[in-house]
Each structure stands twice: as structure tokens, then as C-alpha cells.
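Here are a few exercises to work through with the model open in your viewer. Try each task before you read its solution.

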Number of protein chains: 2
Amino acid sequence: MRNNTSNTESQILASAEKLFIEKGFKGTSTTAIAKDAGCNQALVHYYFRTKENLFQKVFLGKFKQLFEQIKVPLERETDFFSKLENMVDVYFNFMIQNPKIPYFIFNELITNPRRRKQLRELFMQKPHQDDVYHQFCASVEKAISQGVIRDIEPLDLLMDVGSLVVFSFLMAPIITDFLDLDQSHLTDFVDHRKREALTLLFQGLRV
Amino acid sequence: MRNNTSNTESQILASAEKLFIEKGFKGTSTTAIAKDAGCNQALVHYYFRTKENLFQKVFLGKFKQLFEQIKVPLERETDFFSKLENMVDVYFNFMIQNPKIPYFIFNELITNPRRRKQLRELFMQKPHQDDVYHQFCASVEKAISQGVIRDIEPLDLLMDVGSLVVFSFLMAPIITDFLDLDQSHLTDFVDHRKREALTLLFQGLRV
DNA sequence: GTCTATAGGCGGATAGAC
DNA sequence: GTCTATCCGCCTATAGAC
């Protein structure tokens with residue numbers, strides 16, 4: 001099965017990805033995408049018809065990429081504190097390698113109700129993706145009944161981990177400017193936050 | 001000292017505040033502001049010259065309002081766990097009453113380097129506002145040396161609290177749509193998150 | 001102070017030649 | 001498939017009458 005996608009088309013998609021992630025939907029023009037892709041603006045519309053269409057493709061693609069990463073530590077069957085450590089580890093690493101993705105996805109989901117509906121439909125179509133969550137719930141409940149961690153709702157645990165991981169990254173650019181940090185100090189900061197997140201979670205979940 | 005500000009001017013400012021917070025800088029036109037304020041678009045520029053100018057006024061005003069709230073529990077001198085409870089309480093309450101402010105400020109600080117510089121200059125001009133932070137640091141270090149809480153850097157503690165509070169609110173609209181919650185269930189959710197945040201912090205900070 | 005009118009630019013999208 | 005040219009709408013900002 002050969003690849004039907006032309007070079008130009010994939011180049012436009014790549015440029016769109018870069019610019020949408022950097023400047024958001026409203027901050028990116030199809031003209032700018034064309035310029036970055038090295039073609040003219042009409043071609044953007046030739047391949048994707050509308051800007052909205054193109055954005056949707058980029059957004060869903062990035063979300064899937066993120067979701068694939070989120071899944072992994074939720075499924076793995078180990079002792080609960082290893083799972084927790086694994087979650088924090090995997091999520092922090094993903095963020096370090098894709099620092100702008102979380103804000104990109106967050107921003108769109110918060111500001112655009114349509115995007116939330118699209119995502120919801122995506123999950124409805126593939127109900128087996130729900131299994132990841134149910135699997136996670138089961139392992140949390142098991143850990144509780146075994147007395148490994150205190151009583152907590154699985155969604156809360158997910159929110160706790162999410163808060164501590166994502167917030168550090170949302171704050172990173174602000175912290176950098178405010179404290180006048182350079183890149184290496186910023187890496188230290190993020191690494192420091194990772195350790196603190198783990199400490200707080202480990203200690204805060206004990207019985 | 002009488003109020004020099006005309007009704008029209010303050011009406012424009014009020015409309016700008018409402019719309020900027022709802023739809024952001026790029027999503028709001030001076031035409032829309034004028035329409036909402038019940039005047040024509042030229043008046044917006046008559047009073048504030050540029051859109052950027054007007055936005056700056058709104059942004060700095062809202063930030064000051066937020067900062068005034070953040071200050072309060074940091075300054076109060078009580079036992080440390082009361083301080084912590086007070087922080088979570090005050091911050092959650094502010095968010096409930098102004099659910100869109102945190103995102104508004106966050107979004108601008110993240111996407112716009114100019115805004116970060118403006119804010120930094122604001123703090124440079126008023127170095128006594130730093131005192132709030134130093135006061136907080138002192139009380140954290142005191143609590144550590146007295147063995148009330150484990151060893152932790154004050155900035156980390158602030159980040160921990162911030163993460164748990166802000167993230168819940170950023171997620172609120174997403175959660176609502178995904179789980180099909182109505183307004184009253186959303187209030188329950190936030191309230192629930194508040195309790196979990198307190199539990200995690202209290203337990204995670206013990207020696 | 002408040003209005004109308006308009007300049008001048010950029011946006012998305014399409015038509016039509018090649 | 002790729003290009004140029006162009007339509008049409010919305011935007012910010014200003015000029016000038018009242």
C-alpha cells in the first residue's frame with residue numbers, strides 16, 4: 001500500500017503543525033503556513049479546503065500522540081507505587097520533549113466547545129479506549145483494598161498527577177522570564193519539580 | 001477629588017474587560033467592544049488610542065485584583081496547617097467567583113512575552129510586593145525548623161498548591177463536557193477537588 | 001465628546017490559466 | 001497540481017463634521 005500523500009501536502013501539514021502549535025488557530029494565517037511550506041496560499045486550500053479542516057487534522061493527530069503516551073503507564077501491571085513513579089516519569093519526559101503540546105491541546109479544549117465535542121465523539125467511536133481508564137480504576141481500587149494506598153477516587157488520583165505534571169510546564173515560560181533563568185536552569189527547575197511531585201504523591205497517598 | 005472618568009469611558013472599559021476575558025485579545029475586536037458598550041467604534045480609540053493600550057489596562061487591573069487575593073493568606077500569621085488550609089480555601093473561592101480570570105491571565109502570560117516583561121517591571125517598581133513572598137518563605141522555613149512540616153522549598157510549596165487549585169479550574173469546562181455534567185454537578189466536582197487537594201497537601205507535607 | 005465615513009491592510013476562500 | 005489574480009469581508013486607526 002503506497003503512500004498517496006504528496007510531498008507538498010505533507011509539507012503543508014508539517015508547517016501547519018509547527019505554526020498552529022506555536023501561535024494557535026487565530027494566530028496563524030493560511031498565508032503564513034504557505035510561506036513556511038514554500039508554496040502559495042491557494043495550495044493550502046486546494047489540499048485542505050478550509051483552515052478549520054486543516055487545524056482539525058493537526059489537533060486530532062497531536063491529541064492521539066499524547067494519548068498514546070498517557071496510556072502506557074496506566075496499563076502496565078506492577079506494584080502501585082512503581083506505576084505512580086512510571087506515570088510521573090513518562091509524563092514529564094513527554095513534556096520535556098514536546099513542551100508546547102500540552103498548552104496547545106489545553107488551550108483549544110478550553111476555548112473551543114466544538115473541539116471538546118469532536119474529542120468526545122472520537123471516544124464514543126472507539127469505546128475500547130475507555131478500557132484504559134477502567135483498567136486504571138481497577139488497579140487503584142485493588143491497591144486501596146490491599147492497603148497499599150489510602151482511600152481515593154481514581155479520577156482524583158489522575159487529576160493529582162496531572163495537576164503536578166502539567167502545571168509545572170505551563171509555568172515554565174513564566175518562571176523563566178520572572179527569575180531570569182537560562183535554558184539549563186530551566187531544565188533543573190523542571191527536574192526539581194519532578195522530584196517534588198513524586199515526594200508529595202508518594203507521601204500523600206500512604207494510608 | 002471627583003471622578004474624572006466619564007460614563008462612556010468606564011462603560012467601554014467594562015465591555016472590554018468582559019469580552020477580553022471571554023474571547024482573548026485576538027478574539028475581540030474594537031467594533032465588538034463598541035457595540036457592547038453602546039457606542040461607536042471610533043470612541044474606543046478616542047479614549048484608549050489603541051486596542052493594545054486598552055488591553056493592557058484590563059490585564060494589569062485583573063492581575064492586581066488576583067494578586068491582592070493571593071497575598072492575604074500568605075501574610076497571615078497562624079500555625080502552618082491553618083495557613084495552608086486558608087490558602088486553598090481563599091484560592092478556590094476566588095476561582096469559583098471568577099472562573100475565567102485564571103485562564104485569562106495564564107493565557108496572556110504564556111503566549112505573550114511582552115506581557116511577562118510588563119509584569120516584571122510592575123514588580124520592580126514596587127519591590128515591597130516582594131515582601132509578601134519573603135514573608136511566606138520565612139514562615140515556611142520556620143515551620144520546617146519547628147518540625148511541623150517536612151523539608152521543602154517555599155517555591156515548591158507554592159507550586160504544589162497552585163497546581164492543585166488552578167488545574168481543577170482549567171479542567172472544569174473539559175470535565176463538564178466529557179462527563180455531561182450540569183452546573184450543580186460541576187460545583188460538586190470542584191468542591192470535591194478542594195477536599196482532595198487539602199488531604200494530599202496535609203498528608204504530603206507531614207514529616 | 002460623539003458621530004459618520006473612509007483609508008489601508010490582512011484575512012480566508014475561489015476562479016481560472018497553465 | 002501549481003500558479004496568479006481577485007473577491008469580499010473584517011479589522012484597526014484616523015480624519016473631519018457637528
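## Exercise 1: Around the DNA

Task: Find which residues surround DNA strand C in this predicted model.

Solution: Start with the whole set: 16 residues surround DNA strand C, and the closest are Thr30(A), His45(A), Thr8(B), Asn40(B) and Tyr47(B). Next, sort the set by class, which gives six nonpolar, nine polar and one charged residues. Then turn to the DNA side: of the strand C atoms within 4 Å of the protein, 60% belong to sugar or phosphate, and the rest to bases.

## Exercise 2: Phosphate contacts and elements

Task: Work out which polar atoms of chain A lie by phosphate oxygens of DNA strand C, and which element gives the most to the surface near the strand.

Solution: Take the backbone first. A polar backbone atom of Thr30(A) is 2.8 Å from a phosphate oxygen of strand C, and one of Lys51(A) is 2.9 Å from a phosphate oxygen. For a side chain, look at His45(A), where a polar atom lies 3.4 Å from a phosphate oxygen.

Now step up to the elements. Those giving two or more residues to this surface are H2 (30–37) and H3 (41–48) of chain A, along with H3 (41–48) of chain B. H3(B) gives the most, with four residues.

## Exercise 3: Relating the two chains

Task: Determine what kind of axis relates chain B to chain A.

Solution: Superpose chain B on chain A: this takes a rotation of 180 degrees with 0.1 Å of shift along the axis, at an RMSD of 0.1 Å. This is therefore the relation of a two-fold axis. To locate the axis in chain B, go to Gly204(B), whose C-alpha is the nearest, 2.0 Å away. Finally, compare the contact residues: 100% of those of chain B recur in chain A, so the same surface serves both copies.

Technical notes:
Residues numbered from 1 in each chain as written. Chains lettered and ligands numbered in written order. Predicted model: local features only at pLDDT ≥ 70, side-chain atom pairs only at ≥ 80, totals over all residues. Heavy atoms only, no water. Near = heavy atom within 4 Å. Polar contact = N/O pair within 3.5 Å; in protein donor to acceptor, adjacent residues only side chain to side chain. Nonpolar A, V, L, I, M, F, W, Y, C, P; charged D, E, K, R; others polar. Least-squares fit on C-alpha atoms with pLDDT ≥ 70 in both. Contact = heavy atoms within 4.5 Å.
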